[in-house]
Amino acid sequence: RGRLNVLANVVGNLTERIFTAFEGSVHPNFPADEGDVKYHQGAVGERIIADGRKVTITVSPNPSHLEFVDAVVEGMVRAKQDVMPAPRGETIDRAMPVLLHGDAAFAGQGIVMETLNLADLKGYRTGGTIHIIINNQIGFTTSPEASRSTIYSTDVARMTQLPIFHVNGDDPEAAFRVLRIALEYRQEFNRDVVLDVIGFRRLGHNEGDEPSYTQPLMYARVKAHPGVRAKYTERLVRDGVLTEADVEQMTKDVSRVMKRRSPEPKRSSPANAETGTPPPIVEEDGSRVFETDQRRYGARGRPQNRRGSAGFSVNPKMVTQLRGAQMGDGEVPMDWAFAKPWPSGRLRLKARACA
């Protein structure tokens, strides 16, 4: 996930916290992590730059309402600038907002335009924002030609006449060079800058999404793409900057560090591991699982094509969804994903079907 990458590699060394959260525990130093999605949490880190000075990096918590966090970040930065013990003009250059966007969200959400409109207003300005668009050319499941009427996802930003750079995401050195230009421009003129980094999303929008359902041609090309690391490695080896042995050793070093920071995996209880049976439901009156008629339950929305026709290849992820019809017919046990609340509001399962 991109946010996890930012937390681990940009903000600071937070990999142990991330691994702990994904194992279902809460890191003792971060008790607020409990109860939210792992990559929605904020973080604070400190990095030491080449000349020895320290830079504090703060990531705002963001409950995934996409661009709504934009104005929140601007307010956080303005507040820091207002309380810094220095003249107003100096504090603008000492605290800077950076906003990471998706291409479809940047083009499609009104809060982006509203935030851009605050950029030069005396009461709200923060001295220029670096906008970085991670342009994967697909909005959840929608291609650009079906999601916007503009040529570029950045066209909304032209209203404030700010500089816009379109960058090839396969070229890390070009991206770094453009970022340096953007930072120097922002510090000199205190204006917004947009970097449109053109790339692709290798995996789905979320953990269960399969993008090849809706974009089969695009994702055939994505799967054939070697990836930025492989392409950049090839370039560095070709230019004599690194050897294959150097690359292999670097990869091993990173893997070793990650394994050291990863906690032992949690073990399932013997009962669940052996039978796959979910724990019984306890009603308010103290009673346990209610039985119901599985034929009644399975008759709802049964897929007509359960296993795929002859000569038709079903996507592997779809096969598990088609098992719902088999569960309804009693051919295989029902699982939790198949169960749904009944009109009474209770979640009822037939014990025999889950045995």
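Biologist: Why is leucine 100 called partly exposed?

Modeller: This is a predicted model, and in it leucine 100 has a relative accessible area of 49%. Buried would require under 20% and exposed over 50%, so a value of 49% falls in between and leucine 100 counts as partly exposed. The residue is placed in strand E3, which covers residues 98-102.

Biologist: What makes the nonpolar surface patch in which Leu100 takes part?

Modeller: The patch is made by Val98, Leu100 and Ile134, and its area is about 260 Å². A patch residue needs over 30% relative accessible area, and leucine 100, with 49%, meets that requirement.

Biologist: Why does threonine 115 count as buried?

Modeller: Its relative accessibility is 7%, and the limit for buried is under 20%, so threonine 115 belongs with the buried residues. Threonine 115 is part of helix H6, residues 110-117, and, once its neighbours within four places in sequence are set aside, it is in contact with Asp70, Ala71 and Glu74.

Biologist: What makes the pair of aspartate 155 and arginine 158 a salt bridge?

Modeller: The distance from N to O between their side chains is 3.9 Å, and the cut-off is 4 Å, so the pair lies within the limit and is counted as a salt bridge. In the whole structure, a search finds eight salt bridges.

Biologist: Are aspartate 155 and arginine 158 buried or exposed?

Modeller: Aspartate 155 has a relative accessibility of 18%, which is under 20% and therefore buried, whereas arginine 158 has a relative accessible area of 57%, which is over 50% and therefore exposed.

Biologist: How do you know that the side chains of arginine 235 and glutamate 173 meet in a salt bridge?

Modeller: Their N to O distance is 3.0 Å, which satisfies the requirement of being within 4 Å. Arginine 235 lies in helix H9 (residues 228-238) and glutamate 173 in helix H7 (residues 172-189), so this pair ties together parts that are 62 residues apart in sequence. Glu173 and Arg235 are also linked with Asp171 in a network of salt bridges.

Biologist: Why is arginine 235 called partly exposed, and why is glutamate 173 given that name too?

Modeller: Arginine 235 has a relative accessible area of 26% and glutamate 173 a relative accessibility of 32%; since partly exposed is what lies between the limits of 20% and 50%, the term applies to arginine 235 and to glutamate 173.

Biologist: What makes aspartate 253 and arginine 256 a salt bridge?

Modeller: The closest N and O atoms of aspartate 253 and arginine 256 are 2.5 Å apart, and a distance within 4 Å is what the term requires. Both residues lie in helix H10 (residues 244-261), where they are three residues apart, about one turn of the helix.

Biologist: How do you know that strand E1 and strand E2 pair?

Modeller: Pairing requires at least two bridges, and E1 (residues 43-48) and E2 (residues 54-59) have six, running in the antiparallel sense. Within this pairing, arginine 47 stands opposite valine 55 in E2. The two strands form a hairpin with five residues between them, and glycine 52 in the turn has a positive phi of about 95 degrees.

Biologist: Which residues of helix H2 are buried?

Modeller: In helix H2 (residues 15-22), the buried residues are Thr15, Arg17, Ile18, Thr20 and Ala21, and these pack against helix H1 (2-11), E1 and H10. Just after H2, glycine 24 takes a positive phi of about 85 degrees.

Biologist: Why does glutamine 215 count as buried?

Modeller: Its relative accessibility of 15% is under the limit of 20%, although glutamine 215 lies in the loop between strand E6 (193-198) and helix H8 (216-224). Leaving out residues up to four places away in sequence, glutamine 215 touches Ile138, Thr141, Thr142 and Ser143.

Biologist: How do you know that the side chain of arginine 191 reaches the backbone oxygen of threonine 160?

Modeller: The distance is 2.8 Å, and polar contacts are counted within 3.5 Å. Arginine 191 is in the loop between H7 and E6, and its relative accessibility of 25% makes it partly exposed. The C-alpha atoms of arginine 191 and glycine 127 are separated by 6.1 Å, while the two residues are 64 residues apart along the chain.

Notes
Residues are numbered from 1 along each chain as its sequence is written. This is a predicted model: local features need pLDDT of at least 70, side-chain atom pairs count only at pLDDT 80 or more; totals for chains, interfaces and linings use all residues. Side-chain values use heavy atoms; hydrogens and water are left out. Helices (H or I, at least four residues) and strands (E, at least two) are DSSP runs, numbered from the N terminus. Buried means under 20% relative accessible area, exposed over 50%, partly exposed in between (1.4 Å probe, protein chains only). Contact means heavy atoms within 4.5 Å. Patches are made of residues with over 30% relative accessible area and no salt bridge: like charges are joined within 9 Å, nonpolar side chains (Val, Leu, Ile, Met, Phe, Trp, Tyr) within 5 Å. Accessible areas come from the Shrake-Rupley method with a 1.4 Å probe; for residues, only the protein chains shown count as cover. A polar contact is a pair of N or O atoms within 3.5 Å; within protein, one must be able to donate a hydrogen and the other to accept it, and residues adjacent in sequence count only if both atoms are side-chain atoms.
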